[in-house]
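Colleague: I should be grateful for a close look at a single part of this structure. Please choose one element, describe its surroundings, and then place it in the context of the whole chain.

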Amino acid sequence: MKLWVLVFINALTVALSLSIINFYFQGIILDSVITFFVSLLTSYFIFYYLIERFVYSKIKLIYKLIHNLKLGKDLKDALGEYVSADPINDVEQEVKEWARDKKTEIEQLKEQEKFRREFLSNISHELKTPLFAIQGYIEALQDGDIEDSELAKRFLEKASNNVDRLASFIKDLDAISKLESGELPVQFEKFDLVELINEVNDSLELKSKKYNITVHFQEKYKTPTWVNADREKIRQVLVNLLGNSFKYGNNPGNTHIKTFQLHDQILVEITDDGIGIEEKYLPRLFERFYRTDQSRSRDIGGSGLGLAIVKHIVEAHEQTITVRSTENIGSTFGFTLART
């Protein structure tokens with residue numbers, strides 16, 4: 001409602017009341033009419049001044065601050081900016097929106113705090129496990145009670161393996177930190193995706209044999225498939241996804257790699273025939289350190305950062321990554337790349 005309308009209604013109410021009272025006691029129509037117009041004008045200007053001076057101006061200021069601060073302007077700028085034509089009505093909506101935004105912000109802060117606690121807890125666990133193992137092996141060797149050279153050698157090998165695990169974890173942490181901060185920019189280049197997949201398959205041949213997994217990449221993919229992406233980062237994506245298919249596949253098992261040509265993209269899918277993932281876990285699968293089966297995952301190994309790194313790399317290419325899975329049947333991870 002406009003200010004003048006609000007003031008006029010109040011002034012009209014006062015004027016009508018006074019003119020009716022005047023007519024009731026005087027009984028003279030002319031006097032009542034004069035009383036009506038004089039009261040109307042007087043009340044209008046008095047009410048207008050008082051409401052504008054002590055109420056409306058404050059409402060305009062509140063509305064102006066809320067509106068401009070919502071746009072991200074600082075207090076000094078907000079004081080001299082936008083003013084609504086009808087702040088009395090608009091301020092209610094602005095305050096409601098402001099309250100909703102603040103509620104959402106508080107919920108996000110709570111989620112971030114929860115994530116921070118989980119993150120610190122997971123880092124502590126991932127660091128503590130190999131460090132304690134290394135410490136145990138070294139202390140056993142330092143005590144000098146081990147006379148068997150073969151046993152001492154095995155202890156040293158286990159300590160070395162834990163050092164490698166620790167180094168890999170720190171490397172993954174550093175990588176995901178740089179990906180999130182943009183310190184590892186995407187170096188786009190044109191390359192043959194089929195050639196890269198074959199290279200990755202060759203490099204992981206020993207690992208696939210270790211898990212007794214057969215990798216299938218059909219003969220039709222001998223024809224080059226050209227994409228525009230960061231070759232080394234996509235190599236890391238393939239290594240992580242294939243590595244996961246080995247870890248969680250059947251023994252013996254199969255991993256299938258397929259590519260599909262879309263309109264202006266290439267879709268790559270990596271499918272295993274392993275244990276699968278419950279549907280309720282899928283939305284959180286790409287979170288850092290998230291594990292669907294804590295005990296088994298820790299037995300298998302890994303930093304818990306692989307899929308998070310994959311997601312960051314794919315999204316840095318402005319592409320998408322998806323997963324679908326059925327328990328005891330297998331999982332399929334798919335990501336897109338730009339065609340050239």
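Modeller: Two strands are taken to pair if DSSP finds at least two bridges between them. With that criterion in hand, I have chosen strand β7, in what is a predicted model.

Strand β7 covers residues 330-339. Eight of its ten residues are buried, so the strand is largely enclosed by the rest of the structure. The cut-off behind that reasoning is a relative accessible area under 20%.

The description may begin with the strands that pair with β7. Strand β6, residues 321-326, runs antiparallel to β7 and is joined to it by six bridges. Within this pairing, Thr-322 has Gly-334 of β7 as its bridge partner. The two strands form a hairpin, with three residues between them. One residue of the turn, Asn-328, has a positive phi of about 65°.

Strand β5, made up of residues 265-272, is also antiparallel to β7, and seven bridges connect the two. Here Val-268 stands opposite Phe-335 of β7. Strand β3, residues 226-229, is another antiparallel partner, joined to β7 by two bridges. In that pairing Val-227 is placed opposite Arg-339.

Two of these partner strands are also linked through their side chains. Arg-324 and Glu-269 form a salt bridge, with their closest N and O atoms 3.0 Å apart. This pair connects distant parts of the chain, since Arg-324 belongs to strand β6 and Glu-269 to strand β5, 55 residues apart. The two residues differ in their exposure: Arg-324 is partly exposed at 47% relative accessibility, whereas Glu-269 is buried at 12%.

From Phe-335 the description can pass to a helix. Phe-335, which stands opposite Val-268, is also in contact with Val-237. Val-237 lies in helix α8 and is buried, with a relative accessible area of 0%. Leaving aside neighbours within four places in sequence, the contacts of Val-237 are Phe-335 together with Val-310, Ile-313 and Val-314. Between Val-237 and Gly-306, the C-alpha to C-alpha distance is 8.5 Å, although 69 residues separate them in sequence.

Helix α8 itself comprises 18 residues, 231-248. From first C-alpha to last it reaches 26 Å, close to the 26 Å expected at 1.5 Å a residue. Besides Val-237, its buried residues include Ile-234, Leu-238, Leu-241, Leu-242 and Phe-246. Charged residues also appear among the buried positions, including Arg-231, Lys-233 and Lys-247. At the start of the helix, a side-chain oxygen of Asp-230 comes to within 3.3 Å of the backbone nitrogen of Glu-232.

Gly-306, mentioned above for its distance from Val-237, falls within the range of helix α10, residues 306-316. In that helix the side chains of Glu-315 and Lys-311 meet in a salt bridge, at 2.9 Å from N to O. Because these residues are four places apart in α10, they are separated by about one helical turn. Both count as partly exposed, Glu-315 at 40% relative accessibility and Lys-311 at 29%. A further set of charged residues, Glu-199, Arg-231, Glu-232 and Arg-235, is joined into one network by salt bridges that share partners.

Another pair of this kind is found in helix α7, residues 205-210. Lys-209 forms a salt bridge with Glu-205, the closest N and O atoms being 3.5 Å apart. These residues are four apart in the helix, about one turn. Lys-209 counts as exposed at 56% relative accessibility, while Glu-205 is partly exposed at 39%. The structure holds ten salt bridges.

Finally, the chain as a whole. It has ten helices and seven strands. Of its 340 residues, 34% are buried. Among contacts between residues at least 6 apart in sequence, 70% join residues at least 24 apart. The chain exposes about 20900 Å², of which carbon and sulfur atoms supply 56%.

Technical notes. Residues are numbered from 1 along each chain as its sequence is written. This is a predicted model: local features need pLDDT of at least 70, side-chain atom pairs count only at pLDDT 80 or more; totals for chains, interfaces and linings use all residues. Side-chain values use heavy atoms; hydrogens and water are left out. Buried means under 20% relative accessible area, exposed over 50%, partly exposed in between (1.4 Å probe, protein chains only). The expected span of a helix is 1.5 Å times one less than its number of residues. A polar contact is a pair of N or O atoms within 3.5 Å; within protein, one must be able to donate a hydrogen and the other to accept it, and residues adjacent in sequence count only if both atoms are side-chain atoms. Contact means heavy atoms within 4.5 Å. A salt bridge is a side-chain nitrogen of Lys or Arg within 4 Å of a carboxyl oxygen of Asp or Glu. Accessible areas come from the Shrake-Rupley method with a 1.4 Å probe; for residues, only the protein chains shown count as cover.
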